[in-house]
Amino acid sequence: MKWISQVTSSSALRQCLEELAGEGKIDLTRFAMLTPMEVADLCGVDESIAENAIRKARQLAGYSPVKVVKRGEKADVIKTGIAEFDEKTPWGGLPKGKIHLFAGKYGTGKSILAMQISASALAAGYKPVYYIDTENAFNERMMDALLRRLLGKPLDDVPESDLVVVKTADVFALTEVIKYEIPPEARVIVVDSIIEPFRAQFKGREKLASRQQWLHYLVDLLRRRTIAGATVVLTNQVSARPEVLGEEDAPAGGNILLHTANTIWRLRRRGQDGGYIEALDVPGLARGTRYNYTIRDDGLY
């Protein structure tokens, strides 16, 4: 923990960071990814002290919160494993380094898609993948079938360090995992689903403002990870709100998620064994553009 003394001379901040590091919650790079306001709030120090520490930490870690976008640069993608989607979208999959939101009713295949994208990412060498399960919907049998299909290996042959599955019980735990547990080198972060704990634990209209503020902060933590090179996939429930996007089943979470996700899609079931992914707010695609899929025992096709 030599880095702590290198980034600050404040005894209060040093003590705080030593305690967090001792608990395994922070290291140099994770600290560098925080903001001065977060550090000041976390450790009870002045923001000026936190600013100097963050600045030194970023220099020491070689971490930059700034990403220069080159015009015309072709984005790398992660395949979904759904043939029509991967073949017909302009990018040939999901562009890396973005937040992708998939909303849908129960039974449309959201959790299957979340697991399938995770398996596809591993097959392409994007690891580690962090899969955060807030609905207790992670299915080892389905993941095993997906990995056999896309990676050519059973789940038991995939190192737990490559595919890390975390179940969270509440909003606080979800935030702590994203903030402290996921290492900076994580290439793919999947949250299934982003809204479930917020809907369950912030009850009543009087809690709406605090719910949205916390949700916004959580998604902002994930957005920062995309600057560092991670790709984020969120599944989401829907709500009957015709005034949002003019739809009967708009993504839950309101404007917070609508304004922070880079692409917004909706899954809809059609028939017994299939459905389609519909573009709701996707740059470069007309709203309503559809890509069909079928549901089988080993995932979506």
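**Reading pockets, a sheet and a cavity**

User: Which helix gives the most to the lining of the second largest pocket, and with how many residues?

Analyst: Helix α7, which spans residues 110-123, makes the greatest contribution to that lining, with 3 residues. Please keep in mind from the start that this is a predicted model. The second largest pocket holds about 300 Å³ of space, and among its 14 lining residues Lys 105, Tyr 106, Gly 107, Lys 110 and Ser 111 lie nearest its centre. Sorted by class, the lining has 5 nonpolar, 5 polar and 4 charged residues.

User: What volume does the largest pocket have, and which residues are the closest to its centre?

Analyst: We can read this pocket in the same order, beginning with volume and then turning to the lining. The largest pocket has a volume of about 580 Å³, and of the 24 residues that line it, Lys 67, Ala 75, Lys 96, Gly 97 and Lys 98 are the closest to its centre. Helix α11 (residues 208-227) provides the largest share of this lining, 3 residues, while the classes divide into 9 nonpolar, 6 polar and 9 charged.

User: How should I read the sheet: how many strands form it, and in what order?

Analyst: It helps to begin with the order of the strands and then to look at the edges. Here 9 strands form an open sheet, running β5-β4-β6-β7-β3-β10-β11-β12-β13 with mixed pairing. Because β5 (163-167) and β13 (299-300) each have a single partner strand, they stand at the edges, and one side of each is left without a neighbour in the sheet. At one of these edges, β13 pairs with β12 (residues 290-296) in the antiparallel sense over 2 bridges, and Arg 296 stands opposite Gly 299 in β13. Helix α9 (residues 171-181) packs on the sheet, where it touches β4 (129-133), β5 and β6 (188-192), and its direction makes about 165° with that of β4.

User: Which strands pair with β6, and in what sense?

Analyst: For each pair of strands, look for the direction and for the number of bridges. Strand β6 pairs with β4 in the parallel sense over 5 bridges, and Tyr 130 stands opposite Ile 189 in β6. Strand β6 also runs parallel to β7 (residues 231-236), to which 4 bridges join it, and there the bridge partner of Val 188 is Thr 231.

User: Which way do the side chains of β6 point, and are they buried or exposed?

Analyst: In a regular strand the side chains alternate between the two faces of the sheet. In β6, Val 188, Val 190 and Asp 192 point one way, whereas Ile 189 and Val 191 point the other way, and all are buried. Since 5 of the 5 residues of β6 are buried, this strand is largely enclosed by the rest of the structure. For a single case, take Val 191, whose relative accessible area is 0%; a residue counts as buried when this value is under 20%, so Val 191 is buried. Beyond its neighbours within four places in sequence, Val 191 is in contact with several residues, including Ile 132, Leu 174 and Leu 222.

User: Which residues line the largest cavity?

Analyst: A cavity can be read through its volume and its lining, as before. The largest cavity has a volume of about 110 Å³, and its lining consists of Arg 30, Met 33, Leu 34, Ile 178, Lys 179, Leu 221, Arg 224 and Arg 225. Helices α9 and α11 each supply at least two of these residues, with α11 giving the most, 3 residues. By class, this lining has 4 nonpolar, no polar and 4 charged residues.

Note on methods:
Residues numbered from 1 in each chain as written. Predicted model: local features only at pLDDT ≥ 70, side-chain atom pairs only at ≥ 80, totals over all residues. Heavy atoms only, no water. Pairing = 2+ DSSP bridges. Contact = heavy atoms within 4.5 Å. Axes fitted to C-alpha atoms, helices over the stretch in contact; angles between N-to-C directions. Buried < 20%, exposed > 50% of the residue type's maximum accessible area, 1.4 Å probe, protein only. 1 Å grid on protein atoms, 1.4 Å probe; cavity = no way out; pocket = protein on both sides within 12 Å on 5 of 7 lines; lining within 4 Å. Points joined across faces, edges and corners; volume = space filled by probe spheres on them. Nonpolar A, V, L, I, M, F, W, Y, C, P; charged D, E, K, R; others polar.
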